[in-house]
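Colleague: I have this chain open in the viewer and would like to go through it with you. Mind if I keep asking how you know things?

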Amino acid sequence: MLPTDAQAARFLAQAGFAATADDIAAVKARNYSGWLDEQLAMPQQGVSRVQWLIDNGYVVEANVSSFAGADASIWRKLIASPDVVRQRMTLALSEILVVGMGGLPIAWRNVAIAHYVDLLEKHAFGNFRDLLQDVTLSTAMGTYLNMQGNRKEDPRTGRVPDENYAREVMQLFTIGLLQLNLDGSPKTSGGKPIETYSQTDITQLARVFTGWVNDRTAGVPAVSDAAYPTRPMRNDGSQYQSGDKIVLGTVIAGSLSPAQALSQALDILFRDPNVGPFIGRQLIQRFTQSHPSPAYVARVASAFNDNGSGVRGDLKAVLRAVLLDIEARATPTGSASGRLREPIQRLIQWARTFGAVSSTSGRWAIGDLSDPGTRLGQSPSRSPSVFNFFRPGYVPPGNELALNGVTAPEFQLVNESSVAGYLNYMQGVVQNGLANGDIAPNYATELALANDATALLQHLNLRLAANGLSSATVAALATAVNSIAATSDANRLARVRAAVLLVMAAPEYLVQR
């Protein structure tokens, strides 16, 4: 059976960001799997973020120590690129394999973060093992988690290899803290959870990650080598820790080259049975549900373990499992269903829904929206720490979710300041567009409905909330919109703007079911 308009709109909000009329029609014509297969087959679109920085004059000596153009390069693709599922996956990966701009105190940091996001986009539909390799050797990650310049031990001074990346690649990027069953539940021994790794494993893995340095052009000063952040790190053998290493019970022979040892270490992590449920659950959280059932996690983890053709780590198969699962497509019920829409996703949805997908100047000067009091309280690739904007296991305290142990990560961003800041910021955006009107909406379809407040709100309910607003909420909002006279074009535009903002402020919209 083909989906209804509301079902198609709900799927589009989960798989991408927005549901235009054409998108809804496409999903209804091709069904969920047909539309998704088309997206997964679509090659990367447009110029890369790094190339955009170059083309727009941001890679110049004056910007050697700044993030000039970086935010714009990232927002531009999230808002305007037609490969919407790839962009949604890129955003999801940036919140799992985190590099935050604030942790990049290097030359050409704008190029470094743009290249890192390009790297995530490149591997979004590829294999997780390849993604892990390129992330590990990227200049951005090497800087962010201190693997760049990590040196072997020195008994004279007591120096030991830096353990930061060794710890986080296990804790956050692959296997997590506790051994898991296929369904994501912790394995136990004597009634207690079993840890995945020990301090010894961290120490041993840190020894593998020694000797890696930025691939700078010899004799060329940093200011003249803007391309170095786009090259994988190389190994300085003189700083590599010799000898055998034992990681998670497997010996990595000292006879291996640094590159071979690193590859074997990443293979050990990639093949660990924890990776499927650990990464799979987080991808479910980023796309469909904050608190997935164990059975849902198990099905997605199984797709990670084997794509049906014996391949492990196929992210296309994982995405299909996440988005086409029976629980993702079922009518949501109960307090544990759905997820709070991230502020970033709300803004992108507004832009894509109302045609604000081009920059008149070509500059895309949206900037950093991290301030919770005056902007969104969230901005892509500007996580304050490697632990992302919110933790995957976060349970909001002091409410029904806490009583039932329901994880709701995005609520970690919610406080009095961020709620008011979002509404105030979006009021300006809905009215004036982004970047002082340089990225402007087209409300022509909505203006045609402006005389009938109920019809206007029903239209917005479908497009923004997949008909998630109750009839009582629509009626209440219609009363508010009807308080604005529809006697002139200016008044009708005011009605449309008020209706859009009211819908995007409604709790039934904010929680994506």
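Colleague: Where is Asp-215 in the chain?

Modeller: Asp-215 sits in the loop between β3 and β4 (234-235). Bear in mind that this is a predicted model, and every value I quote is computed from it.

Colleague: Why is Asp-215 called partly exposed?

Modeller: Its relative accessible area is 24%. Buried would need a value under 20%, and exposed one over 50%, so Asp-215 falls in between and is called partly exposed.

Colleague: What does Asp-215 touch, leaving aside neighbours within four places in sequence?

Modeller: Asp-215 is in contact with Tyr-228, Arg-231, Pro-232 and Arg-234. For a sense of distance, the C-alpha atoms of Asp-215 and Ser-290 are 40 Å apart, with their positions 75 residues apart along the chain.

Colleague: On to the serines. What makes Ser-81 buried?

Modeller: Ser-81 has 6% relative accessibility. The cut-off for buried is under 20%, so Ser-81 counts as buried. This serine lies in the loop between α4 (70-80) and α5 (84-94). Not counting residues up to four places away in sequence, Ser-81 touches Gln-45, Arg-76, Gln-87 and Arg-352. Its C-alpha is 49 Å from that of Ser-189, 108 residues away along the chain.

Colleague: And Ser-33, is that buried, partly exposed or exposed?

Modeller: Partly exposed, at a relative accessible area of 37%. That value is not under 20% and not over 50%, so the middle label applies to Ser-33. Ser-33 is part of helix α2 (residues 21-41). From Ser-33 to Phe-125 it's 92 residues in sequence and 16 Å in space, C-alpha to C-alpha.

Colleague: What makes you call helix α10 mostly covered?

Modeller: Seven of the ten residues in α10 (residues 199-208) are buried. They are Asp-201, Ile-202, Gln-204, Leu-205, Ala-206, Arg-207 and Val-208.

Colleague: What covers those buried residues of α10?

Modeller: The cover includes α9 (164-171), β3 (212-213), β5 (245-247), β6 (250-252) and α11 (258-271).

Colleague: How do you know that α11 has the span expected of a helix?

Modeller: Helix α11 has 14 residues, and at 1.5 Å a residue the expected reach is 20 Å. From first C-alpha to last, α11 reaches 20 Å, which is close to that expectation. Its buried residues are Pro-258, Ala-261, Leu-262, Ala-265, Leu-266, Asp-267, Ile-268, Leu-269 and Phe-270.

Colleague: Two alanines next. What is notable about phi in Ala-435?

Modeller: Phi of Ala-435 is near 55 degrees, a positive value in a residue other than glycine. Ala-466 has a positive phi too, of about 50 degrees, and is not a glycine either. Ala-435 lies in the loop between α18 (416-432) and α19 (444-447), while Ala-466 is in the loop between α20 (453-465) and α21 (471-482).

Colleague: Why is Ala-466 called buried, and why is Ala-435 called partly exposed?

Modeller: The cut-off falls between their values. Ala-466 has a relative accessible area of 19%, and buried means under 20%, so Ala-466 is buried. Ala-435 has 22%, which is not under 20% and not over 50%, so Ala-435 counts as partly exposed.

Colleague: How do you know that Tyr-443 is buried?

Modeller: Tyr-443 has a relative accessible area of 5%, and under 20% is the requirement, so the buried label holds for Tyr-443. This tyrosine is found in the loop between α18 and α19. Leaving aside neighbours within four places in sequence, Tyr-443 is in contact with Trp-350, Phe-354, Val-430, Leu-493, Val-496, Arg-497 and Val-500.

Colleague: Finally, the whole chain. What makes its radius of gyration agree with a compact globule?

Modeller: For 513 residues, a compact globule would have a radius near 24 Å, and the chain has 24 Å, so the two agree. Along its principal axes the C-alpha trace spans about 85 × 60 × 45 Å. Buried residues make up 53% of the chain, and the secondary structure comes to 23 helices and eight strands.

Terms used. Residues are numbered from 1 along each chain as its sequence is written. This is a predicted model: local features need pLDDT of at least 70, side-chain atom pairs count only at pLDDT 80 or more; totals for chains, interfaces and linings use all residues. Side-chain values use heavy atoms; hydrogens and water are left out. Helices (H or I, at least four residues) and strands (E, at least two) are DSSP runs, numbered from the N terminus. The radius of gyration is taken over C-alpha atoms; the globule rule is 2.2 Å times the number of residues to the power 0.38. Buried means under 20% relative accessible area, exposed over 50%, partly exposed in between (1.4 Å probe, protein chains only). Contact means heavy atoms within 4.5 Å. The expected span of a helix is 1.5 Å times one less than its number of residues.
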